Amino acid sequence: MSKKLISKLETVLQQKKLTDAGLIKAVHELANSNDPKPRTVLSRYSHFKKYVRTNYPKYSDSTLKKMKAPDEMIDAIIQDNSEVRSRKKSVSFSDKTIEDLMNLEASSNIIDKLNFLTFTSGRRQSEVVDGIFHKVARKPDMLSVRGLKKKREADGVKPRAYKIKLFRITSTEWIKLHKAVMKALDGLSVADLNKRQNSRIKKTVCKDYTVHVLRGIYAHALWQETDRKQNINGYIQTVLNHDSPDTSLNYSYIIYDGDKDDGDKDDEKESETLD
């Protein structure tokens, strides 16, 4: 943390007529000064909050809690961390894995249903939670969504609509379930849901899986059901809407084991509706 930024924060704190709102605004401006990267912004907020708490105890916890990065920035970093961790070692899936994932639709646990939606669409967890999906005319196995997480448009340009191929479910069925699940989970943050989804996928399918692994399994499973004339990396680039084939290579850690039975799946399945 730059001493210069702390010095600027101290100057703000010395103002005689400083209000809580004024302090929060100043912290926000300092945290975002000089166009920092998202992780730098989070680090700055953390240091600023610690400095104020230690040196100016008169400020309440409710005021300190407002000294934080936007939720969408925090959620994006959590998601990125999950993606990096999930690529550190190879993971395998089999036909039994696919069966277990498809059975999540019938679960009484609402998080299991969310994992089912995530798997069958191949979308990032945050995209499933925040996305608005539509059917594609005359293509019952396709969805349309605008503004994917890592697609950036120029200012003032309407986000492009991307088509998504579904895995063994129609768009009508998927959208109906998605609306019901999102209604039941209304009010929960992307970060909170990410933790719950990771916990459930480890309990119901495989202890080595995270919710982001489902995206890779989706792409590989779809490829297994094609005529495989296209090489797998090119196919993954297409179905996951990647701009570069280099990005698709990140999913080479997924290994298909055919009809091998999964030994890592827990025998016990919890029945609560929200873990």
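These legends go with close-up views of a predicted model.

**View 1. The three-stranded sheet, β2-β3-β4.** Here's an open sheet whose strands pair antiparallel. The edges are β2 (133-136) and β4, each of them pairing on one side only. On average, neighbouring strands in this sheet are turned by 35 degrees against each other, direction ignored.

**View 2. Where β2 meets β3.** Four bridges hold this antiparallel pair together on paper. Look for Val136, which sits opposite Lys139 in β3. The loop between β2 and β3 holds Arg138. Arg138 isn't a glycine, yet its phi is positive, at about 60 degrees. Most residues other than glycine have a negative phi. Arg138 is also exposed, with a relative accessible area of 81%.

**View 3. Where β3 meets β4.** Strand β3 (residues 139-146) runs antiparallel to β4, and five bridges join the two. One facing pair to pick out is Arg146 and, in β4, Ala161.

**View 4. The two faces of β4.** Side chains in a regular strand alternate between the two faces of the sheet. Strand β4 (residues 161-165) does just that. Tyr162 and Ile164 point to one face and are buried. Ala161, Lys163 and Lys165 point to the other face and are not buried.

**View 5. Helix α9 and the loop leading into it.** Helix α9 (residues 171-184) lies across β2 and β3, and runs at about 165 degrees to β2. In the loop between β4 and α9 you'll find Arg168. Arg168 is another non-glycine with a positive phi, this time about 55 degrees.

Methods: Residues are numbered from 1 along each chain as its sequence is written. This is a predicted model: local features need pLDDT of at least 70, side-chain atom pairs count only at pLDDT 80 or more; totals for chains, interfaces and linings use all residues. Side-chain values use heavy atoms; hydrogens and water are left out. Buried means under 20% relative accessible area, exposed over 50%, partly exposed in between (1.4 Å probe, protein chains only). Two strands pair if DSSP finds at least two bridges between them. Axes are lines fitted to C-alpha atoms, for helices over the stretch in contact, and angles run from 0 to 180 degrees between N-to-C directions. Contact means heavy atoms within 4.5 Å.
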